[in-house]
Amino acid sequence: MAMARRVPRNVLGLVKRNMSFKSLDPPSSLTHGIHVFHCPDAVGIVAKLSDCIASRGGNILAADVFVPENKHVFYSRSDFVFDPVKWPRVQMEEDFLKLSQTFKAIRSVVRVPALDPKYKIAVLASKQDHCLVDLLHGWQDGRLPVDITCVISNHHRGSNTHVIRFLERHGIPYHYLCTTKENKREGEILQLVQNTDILVLARYMQVNNCIEFMLSVYLLYF
């Protein structure tokens with residue numbers, strides 16, 4: 001394992017503790033997990049995170065750590081593999097909960113795609129296809145372990161287009177909502193995404209009252 005020291009400010013105004021790991025392909029008996037952490041910055045967070053995973057026989061494959069300059073906050077995302085027999089899912093939740101309490105975490109989320117229910121997402125897409133297509137192909141390849149409930153767009157796509165053919169082939173509804181400067185159809189969008197967990201904006205900018213709209217989405221989900 002190689003770890004770089006805290007580096008000087010970069011052009012993004014971020015201080016980054018960057019860790020890179022090289023590992024052989026994990027045995028088929030191991031399961032992939034992802035942990036996302038956000039807490040006040042403090043000494044020893046990386047060590048405790050690593051120990052939490054290693055003490056249960058897990059192995060970190062990749063980790064990204066960011067500390068915004070002068071913000072006194074810590075962000076990390078860890079990809080790891082583990083044996084679910086040695087580290088049951090319930091025990092994992094308890095271990096990361098203890099870690100979050102130790103560092104007074106603002107956010108601590110652990111996901112095991114092979115074991116956890118998939119998130120349901122709805123996608124708001126613009127006229128440009130590239131972001132939407134990349135997301136759909138990532139879902140098809142299994143890189144995005146989610147269920148896509150629908151795609152909503154302010155742009156009409158013909159039945160012979162690549163996107164529509166893909167969506168029809170996989171049974172994903174496509175909703176075309178014509179928007180104007182005065183009417184961005186936020187109410188109808190909220191109705192269409194009632195049964196989803198996450199709303200993804202794929203270059204979609206057609207929202208009049210963005211803060212109020214996203215607050216409505218937040219209240220709808222949580």
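The buried residues of helix H1 in this predicted model are Ile45, Val46, Leu49, Ser50, Cys52 and Ile53. Viewed along the axis of H1, these buried residues fall within an arc of 155°, so they line one face of the helix. H1 covers residues 45-54, and Ile45 offers a way into the interior. Leaving aside neighbours within four places in sequence, Ile45 is in contact with Phe37, Cys39, Pro40, Phe74 and Phe103.

Ile45 also belongs to the largest nonpolar core, which has 21 residues. The members that touch the most other members are Phe37, Ile45, Phe74, Phe80, Trp87, Met92 and Phe96. Strands E3, E4 and E5 and helices H1 and H2 are the elements that give two or more residues to this core. H1 provides the largest share, 5 residues. A second, separate core contains 18 residues, including Leu132, Val133, Trp139 and Ile164. As a general background, nonpolar side chains in soluble globular proteins tend to be buried together.

The strands that contribute to the largest core may be taken next, beginning with E5. Strand E5 runs through residues 73-82 and is mostly covered, with 8 of its 10 residues buried. It has two pairing partners to consider here. Strand E3, residues 31-40, pairs with E5 in the antiparallel sense over 10 bridges, and in E5 it is Phe82 that stands opposite Thr31. Strand E4, residues 59-68, pairs with E5 in the antiparallel sense as well, over 7 bridges; Ala62 stands opposite Asp79 in E5.

Within E3, Gly33 deserves attention. At 0% relative accessibility, Gly33 counts as buried, because the cut-off for a buried residue is under 20% relative accessible area. Not counting residues up to four places away in sequence, Gly33 touches Ser78, Asp79, Phe80, Phe82 and Arg111. Gly33 and Val112 are 79 residues apart in sequence, yet their C-alpha atoms are 4.6 Å apart in space.

The connection between E4 and E5 is a hairpin with 4 residues between the strands. Asn70 lies in this loop. Its phi is near 65°, a positive value in a residue other than glycine. In general, most residues other than glycine have a negative phi. At 77% relative accessibility, Asn70 counts as exposed, because exposed residues are those over 50%.

Arg185 forms an instructive counterpart to Asn70. Arg185 is not a glycine, and it has a positive phi of about 65°. Its place is in the loop between strand E9, residues 174-176, and helix H5, residues 186-192. With a relative accessible area of 18%, however, Arg185 is buried.

Helix H2 is the other helix that gives two or more residues to the largest core. H2 comprises the 14 residues 89-102; at 1.5 Å a residue they should span 20 Å, and the end C-alpha atoms are 20 Å apart, which agrees. Which residues of H2 are buried? They are Arg89, Met92, Asp95, Phe96, Leu99 and Ser100. These residues cover an arc of only 140° around the axis, which puts them on the same side of H2. On the other side of the helix, Val90, Lys98, Gln101 and Thr102 are exposed.

What do the buried residues of H2 pack against? Their packing partners are E3, H1, E5 and strand E6, residues 107-111. Two of the buried residues of H2, Met92 and Phe96, are also among the core members that touch the most other members. Following H2 comes Lys104, whose phi is positive, near 50°.

These parts can now be placed within the protein as a whole. The protein has 6 helices and 10 strands. Of its 222 residues, 39% count as buried. Among contacts between residues at least 6 apart in sequence, 66% join residues at least 24 apart. The accessible surface comes to about 13500 Å², and carbon and sulfur atoms account for 55% of it.

Methods:
Residues are numbered from 1 along each chain as its sequence is written. This is a predicted model: local features need pLDDT of at least 70, side-chain atom pairs count only at pLDDT 80 or more; totals for chains, interfaces and linings use all residues. Side-chain values use heavy atoms; hydrogens and water are left out. Buried means under 20% relative accessible area, exposed over 50%, partly exposed in between (1.4 Å probe, protein chains only). Two strands pair if DSSP finds at least two bridges between them. The expected span of a helix is 1.5 Å times one less than its number of residues. The arc is that of the directions from the helix axis to the C-beta atoms. Contact means heavy atoms within 4.5 Å. A nonpolar core is a set of buried Ala, Val, Leu, Ile, Met, Phe, Trp, Tyr and Cys residues joined through side-chain atoms within 4.5 Å. Accessible areas come from the Shrake-Rupley method with a 1.4 Å probe; for residues, only the protein chains shown count as cover.
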